[in-house]
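Good morning, and thank you for the time on today's agenda. I would like to take you through one structure, beginning with its surface and then turning to its strands and side-chain contacts.

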Amino acid sequence: HTTSLSADQTFFFSTQHLLIALFDASFIDNYNNSATSTNTYLLRFDYIMPEIIPQYTLGLALASTVTDTKEQKATRGTELTLNPSVDFARDLSANSRISINYDYTKNKSNDANYSYRKHVFTTEYRYSF
């Protein structure tokens with residue numbers, strides 16, 4: 001059973017840039033295994049710069065998640081995840097776009113089994129009709 005609360009706000013700048021702020025709190029109650037129940041708090045900012053070069057958009061994001069591990073707090077502690085990312089996209093036509101993305105994740109936990117770093121590179125082709 002999960003209960004989530006979220007709020008977001010978009011800020012528009014005279015430069016045509018956008019800043020999107022998001023807060024999400026999720027309270028996860030795993031009644032089949034209460035030891036895996038957690039409370040998570042996410043704060044994310046996305047800064048979008050359309051037309052930094054004609055037909056190109058740059059998106060920068062930074063997210064941070066704090067996880068209360070509840071019953072596992074003695075071994076895992078309160079975990080912190082940092083997640084910056086960069087997205088570079090080009091419009092190919094009115095209906096299509098190609099993009100490349102880099103996403104880095106670092107999770108810090110008192111239990112080495114839950115600490116990790118991850119690098120993800122993606123490419124995407126999108127066609128809208």
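Before I describe the surface, one term is needed. A patch here is built from residues with over 30% relative accessible area and no salt bridge, and nonpolar side chains are joined into it within 5 Å. Please also keep in mind that what you see is a predicted model.

With that term in place, which residues form the nonpolar patch on the surface? They are Phe23, Tyr41, Leu43, Phe45, Val66, Leu80 and Leu82, and together they have about 550 Å² of accessible area. Two strands, β3 (38-53) and β5 (78-91), each supply at least two residues of this patch. The strand that gives the most is β3, with 3 residues.

Let me take one member of the patch, valine 66. This residue sits in strand β4, which covers residues 56-68. Is valine 66 buried or exposed? The answer lies in between: its relative accessible area is 34%, so valine 66 counts as partly exposed. That value also fits the patch rule, because the rule asks for over 30%.

I turn now to the sheet as a whole. In what order do the strands of the open sheet follow one another? There are 7 strands, arranged as β1-β2-β3-β4-β5-β6-β7, with antiparallel pairing. At the edges are β1 (2-12) and β7 (116-127), each of which pairs on one side only. From one strand to the next, the twist averages 15°. As general background, side chains in a regular strand alternate between the two faces of the sheet.

Strand β4 deserves a closer look, beginning with its pairing to β3. These two strands run antiparallel and are joined by 13 bridges. Within this pairing, asparagine 39 stands opposite aspartate 68 of β4. The two strands form a hairpin with 2 residues between them. In the turn, glutamine 55 has a positive phi of about 75°.

What joins β4 to β5? Here too there are 13 bridges, and the two strands run antiparallel. Two bridge partners can be pointed out on the screen. Threonine 67 has glutamate 79 in β5 as its partner, and leucine 62 has proline 84 in β5.

The next topic is charge. How many salt bridges does the structure count? The count comes to 5, and I shall describe some of them.

Aspartate 68, which we met opposite asparagine 39, forms a salt bridge with lysine 73 at 3.2 Å, N to O. Aspartate 68 is partly exposed, at 21% relative accessible area. Lysine 73 is partly exposed as well, at 38%. Although lysine 73 is over the 30% cut-off for patches, it cannot join one, because residues with a salt bridge are left out.

Another salt bridge links arginine 97 and aspartate 91, at 3.1 Å, N to O. Arginine 97 has 30% relative accessibility and is partly exposed, and aspartate 91, at 25%, is also partly exposed.

Glutamate 124 and arginine 126 form a further salt bridge, at 3.2 Å, N to O. Their relative accessible areas are 36% for glutamate 124 and 46% for arginine 126. Glutamate 124 is partly exposed, and arginine 126 counts as partly exposed too.

Finally, I come to the aromatic rings. A pair of aromatic rings is described by the distance of the centres and the angle of the planes. The structure holds 5 aromatic pairs. One of them is formed by phenylalanine 27 and tyrosine 41, with ring centres 5.9 Å apart and planes at 75°, so this pair is edge-to-face. Phenylalanine 27 belongs to strand β2 (residues 18-28) and tyrosine 41 to β3, so the pair ties together parts that are 14 residues apart in sequence. Both rings are partly exposed: phenylalanine 27 at 29% relative accessibility, and tyrosine 41 at 32%. Tyrosine 41 is also a member of the nonpolar patch.

How do the rings of tyrosine 127 and phenylalanine 129 compare in arrangement? Their centres are 6.2 Å apart and their planes lie at 25°, so the pair is stacked. Tyrosine 127 is partly exposed, with 47% relative accessible area, whereas phenylalanine 129 is exposed, at 90%.

That concludes the presentation, and I welcome discussion.

Terms used: Residues numbered from 1 in each chain as written. Predicted model: local features only at pLDDT ≥ 70, side-chain atom pairs only at ≥ 80, totals over all residues. Heavy atoms only, no water. Patch = residues over 30% accessible without salt bridge, like charges linked within 9 Å, V, L, I, M, F, W, Y side chains within 5 Å. Areas by Shrake-Rupley, 256 points an atom, 1.4 Å probe, with all protein chains shown as cover. Salt bridge = Lys/Arg side-chain N within 4 Å of Asp/Glu carboxyl O. Helix = DSSP H or I, 4+ residues; strand = E, 2+ residues; numbered from the N terminus. Buried < 20%, exposed > 50% of the residue type's maximum accessible area, 1.4 Å probe, protein only. Pairing = 2+ DSSP bridges. Axes fitted to C-alpha atoms, helices over the stretch in contact; angles between N-to-C directions. Phe/Tyr/Trp six-rings, centres within 6.5 Å; stacked < 30°, edge-to-face > 60°.
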